Structure formats: structure tokens, C-alpha cells
Amino acid sequence: MGRVYNFSAGPAVLPEEVLREAAEEMMDYRGTGMSVMEMSHRTGTFQHIIEEAEKDLRELMGIPENYRVLFLQGGASQQFAMIPMNLMKHKVADYIVTGQWAKKAYQEAQKYGTARKIASSEDKTFSYIPDCQDLDISPDADYVYICENNTIYGTKFKELPNTKGKPLVADISSCFLSEPVDVSKYALLYGGVQKNIGPAGMVIVIIREDLITEEVLPGTPTMLTYKTHADAGSLYNTPNAYCIYICGKVFKWLKSMGGLEEMKKRNEEKAKLLYDFLDNSRLFKGTVVAHDRSLMNVPFVTGDKDLDEKFVKAAADAGLVNLKGHRSVGGMRASIYNAMPKKGVEALVDFMKKFEEENV
Ligand SMILES: *Cc1c(COP(=O)(O)O)cnc(C)c1O
């Protein structure tokens with residue numbers, strides 16, 4: 001069977017070029033006689049892989065010198081605890097709750113101090129981004145937290161919140177490397193890589209150096225202290241070596257495509273195809289306020305549960321898979337990450353047109 005168009009929110013589609021290269025190197029990575037999966041992380045060969053990956057990521061994102069890049073395990077969810085454990089010096093943090101992931105982070109932070117919900121869009125099923133230009137930021141907040149792209153609901157912050165001078169912490173799991181970003185506006189950015197970069201099971205943390213200290217909350221495990229990993233170059237213990245290797249290949253692929261400016265252009269084109277169709281459809285309807293629409297995750301509904309289900313099934317039969325919406329919201333969701341070719345989105349829109357004709 002051939003490849004399908006995989007619209008999964010994550011783990012998600014990877015560039016075919018990367019998969020092919022990895023397959024070619026599976027039995028013998030560049031004359032080592034072994035695959036990267038079988039290789040000690042203490043070898044020069046692996047050292048080169050991780051250093052090259054960091055260098056390429058820094059180049060792609062324009063990460064300033066005074067930021068560290070950490071390749072950590074535990075996925076994005078582990079950061080929900082690691083962030084307060086390391087950054088909540090005054091035990092106060094302000095959270096903007098725009099979806100399930102932000103809500104989970106907010107709830108986890110409550111274990112470690114006073115997490116304040118300073119804005120939310122839960123009143124309208126997280127279908128918009130609240131106005132964040134004049135929020136009630138706590139004077140002693142250690143940071144302000146956002147989830148920049150809400151994977152489940154398909155919203156994205158088009159403008160960062162005004163944190164009134166407080167450090168900004170952002171979960172960028174589902175918009176990582178989808179467009180250029182000014183890293184200097186954040187204190188810490190992090191993302192699980194299985195959305196837009198690589199295989200599951202790793203998170204990349206980009207953190208300003210002055211926030212990496214030994215003064216963490218009492219009882220913080222060594223493994224959950226940023227300093228442990230920063231001091232060891234992400235090799236304190238055995239890292240997710242194969243994942244780092246694949247991520248490195250994706251960084252090279254992104255560079256060869258023209259970098260993040262080019263990815264943004266492509267992502268905008270792809271998203272426009274789908275949103276334009278949704279805006280004019282007699283059957284399908286987008287669920288997000290137009291201004292706050294994500295380029296990466298596009299939720300939509302027909303308004304009829306049975307018809308939604310029929311659509312998801314028929315689409316899968318046509319090779320357009322994983323279009324079912326998140327279990328908490330229902331309907332459909334097309335995740336159109338960097339590695340989803342424009343042809344995939346065109347195929348989806350064509351299929352939706354046909355389905356509409358047959359079912360209206
Ligand atoms: C998927 C996702 C997570 C959770 O990632 P895990 O690696 O499974 O912990 C957190 N935040 C966002 C925005 C996500 O999309």
C-alpha cells in the first residue's frame with residue numbers, strides 16, 4: 001500500500017525525503033556499521049549529530065547567543081511541572097487559558113504555587129484568543145504562560161500578550177518552525193516535537209540563560225532541573241538519540257526548503273485553500289473566529305454528528321486519514337503541518353467538494 005495523506009495532529013506526517021534518508025542509513029550510518037538507534041550517545045558520531053541539530057535549529061530560528069537549547073524527554077506535558085519547579089521563585093505565575101493544553105499546564109502549576117488564570121476563552125469553547133493587551137498581571141508573577149497555537153481548537157495568538165515586563169513562557173508544540181519567530185520576546189519556549197518536527201517522546205526547550213539556576217523549588221528532581229541538562233549539553237543521561245537524529249534531518253530539510261519565511265508562505269497558501277473553501281461551503285463550517293485561525297490545525301464541522309462520522313470514514317477510504325476531531329470537541333480537524341504537501345490539502349478540498357455535492 002502506498003502513502004496516505006495523514007492529517008493527524010500528532011504524531012504527525014514527516015517529510016518523505018527525511019524518511020527515505022533515515023531508511024537508507026538504517027543498517028549503516030555513514031560507515032559506522034550500525035544504525036543511530038544502536039549507537040552510544042557518548043560517541044563522537046552522536047556528538048556530531050546533536051551539535052549539528054542544535055546549530056541548524058539556532059540558524060533556522062535565529063536563536064540568540066544567550067539562549068540555551070535543550071533536548072529533553074517526557075514530552076511537552078512534562079514541562080507543565082518542570083516550568084513552575086524551575087521558574088516559580090516567588091511562587092506566583094499568571095496563565096492564559098486558551099485550550100486543553102494550557103488548562104493542563106495551569107492545573108499542574110497549582111501544585112507548586114499560586115497559578116492565576118488571568119484570561120480564558122473557555123466561555124466559547126476556546127474558539128478565539130482573548131484580548132491580552134491589558135491584563136491583570138500579578139506584580140510578583142514569575143512568568144506569564146501561553147499556549148501559542150491551540151492544537152485541539154485551532155486557534156493561534158497572532159500577537160503576543162502584553163506581559164508588562166514579566167517573562168513570557170510559551171508552549172509552541174504545534175506551531176514550532178511553522179513561521180519565523182522572534183525568540184528574544186520569550187523567556188522560554190518549548191514544544192513536543194511530534195507535531196511539526198519529528199518522532200514522539202521529546203521536547204525541545206529554548207530558555208534564556210539567566211533563568212537556568214540552581215534555585216529551584218525544594219524537592220525538584222535532578223532530572224527535572226534545567227541546569228542539569230544545560231550543564232551536560234542534553235547528555236546528562238541517555239537522550240532520545242534517534243529522535244534527535246530525525247529532528248536534525250528535519251532541520252536540514254527546512255533549510256533546504258528555504259527556511260521559516262518560506263515555510264510561512266507555504267503554510268499560508270495551504271491554510272488559505274482550506275479556509276476559503278470552508279468560508280464558502282454549504283455543508284462544512286470552520287469553528288474558529290477568523291482572526292485567530294491557526295495555520296496548522298483546522299477544525300471544522302458539518303453540524304450533524306452522523307454526517308461528520310460518515311465524512312471521516314469516506315475520507316479515510318479515499319486515503320485522507322486522521323481527520324476526526326479531538327475526542328473532547330468532535331467534528332473534524334485537519335492538521336496541515338510543514339510536511340503536509342500542498343497536494344494533500346488540494347486533495348482534501350476536492351474530496352470535501354465532492355462530499356458536499358453528494359450530501360447537501
Ligand atoms: C500535543 C501537545 C502537548 C502534549 O504533548 P506530549 O508530548 O504528548 O506531552 C502539549 N501542548 C500542545 C500545544 C500540544 O499540541
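Select Phe277, Phe284, Phe300, Phe311, Phe351 and Phe355: in this predicted model, these residues form one aromatic cluster. Across the structure, the count of aromatic pairs comes to 14. Within the cluster, start with Phe277 and Phe284, whose ring centres are 6.2 Å apart and whose planes meet at 50°, so the pair is tilted. Phe277 has a relative accessibility of 10% and counts as buried, because buried means under 20%. Phe284 is buried as well, with a relative accessible area of 2%.

Keep Phe284 selected and add Phe355. The centres of these two rings lie 6.1 Å apart with planes at 40°, so this pair is also classed as tilted. Colour by secondary structure at this point. Phe284 belongs to the loop between helix H7 (259-280) and strand S11 (285-286), while Phe355 belongs to helix H9 (residues 342-359), so the pair ties together parts that are 71 residues apart in sequence. Both Phe284 and Phe355 are buried.

**The ligand site**

Next, select the ligand and show the residues around it. Which residues surround the ligand? The shell consists of Gly75, Ala76, Ser77, Phe80, Trp101, Cys147, Asn149, Thr151, Asp171, Ser173, Gln194 and Lys195. By residue class, the shell divides into four nonpolar, six polar and two charged residues.

Three polar contacts can be displayed as distances. At Ala76, a polar backbone atom is 3.0 Å from an oxygen atom of the ligand. At Thr151, an N or O atom of the side chain is 2.4 Å from a ligand oxygen. At Gln194, a side-chain N or O atom is 2.9 Å from an oxygen atom of the ligand. Switch to a surface display for the next item: the ligand taken alone exposes 390 Å², and the protein buries 87% of that.

**Thr163 and Lys166**

Hide the ligand and select Thr163, in the loop between strand S7 (155-156) and strand S8 (168-171). Is Thr163 buried or exposed? Thr163 has a relative accessible area of 10% and is buried. Now add Lys166, which is found in the loop between S7 and S8. The side chain of Thr163 reaches the backbone oxygen of Lys166 at a distance of 2.6 Å.

Lys166 itself is partly exposed, with a relative accessible area of 21%. That value falls in the partly exposed class because buried requires under 20% and exposed requires over 50%. Add Val144 to the selection and draw a line between the C-alpha atoms. Lys166 and Val144 are 22 residues apart in sequence, and their C-alpha atoms are 6.5 Å apart in space.

**A charge over a ring**

Select Lys124 and Tyr128 with side chains shown. The charged end of Lys124 sits over the ring of Tyr128, at 5.6 Å from the ring centre.

**Helix H2 and a contact across the sequence**

Move to helix H2 and pick Ile49, which is found in that helix. Ile49 is buried, with a relative accessible area of 7%. Then add Ile244. Along the chain, Ile49 and Ile244 are 195 residues apart, yet their C-alpha atoms are separated by 7.7 Å.

**Backbone geometry**

The remaining stops concern backbone angles. Select Gly10 and Pro11, which are joined by a cis peptide bond with omega of about -10°. Where is Pro11 placed? Pro11 is in the loop between strand S1 (5-6) and helix H1 (16-24).

Go on to Arg30, in the loop between H1 and helix H2 (44-61). Phi of Arg30 is near 45°, a positive value in a residue other than glycine. Arg30 is exposed, with a relative accessible area of 57%.

Finish at Asn322, in the loop between strand S13 (320-321) and strand S14 (332-335). Asn322 has a positive phi of about 65°, although it is not a glycine. With a relative accessible area of 44%, Asn322 is partly exposed.

Methods:
Residues numbered from 1 in each chain as written. Predicted model: local features only at pLDDT ≥ 70, side-chain atom pairs only at ≥ 80, totals over all residues. Heavy atoms only, no water. Near = heavy atom within 4 Å. Polar contact = N/O pair within 3.5 Å; in protein donor to acceptor, adjacent residues only side chain to side chain. Areas by Shrake-Rupley, 256 points an atom, 1.4 Å probe, with all protein chains shown as cover. Nonpolar A, V, L, I, M, F, W, Y, C, P; charged D, E, K, R; others polar. Phe/Tyr/Trp six-rings, centres within 6.5 Å; stacked < 30°, edge-to-face > 60°. Buried < 20%, exposed > 50% of the residue type's maximum accessible area, 1.4 Å probe, protein only. Helix = DSSP H or I, 4+ residues; strand = E, 2+ residues; numbered from the N terminus. Lys NZ or Arg CZ within 6 Å of the ring centre and 35° of its normal.
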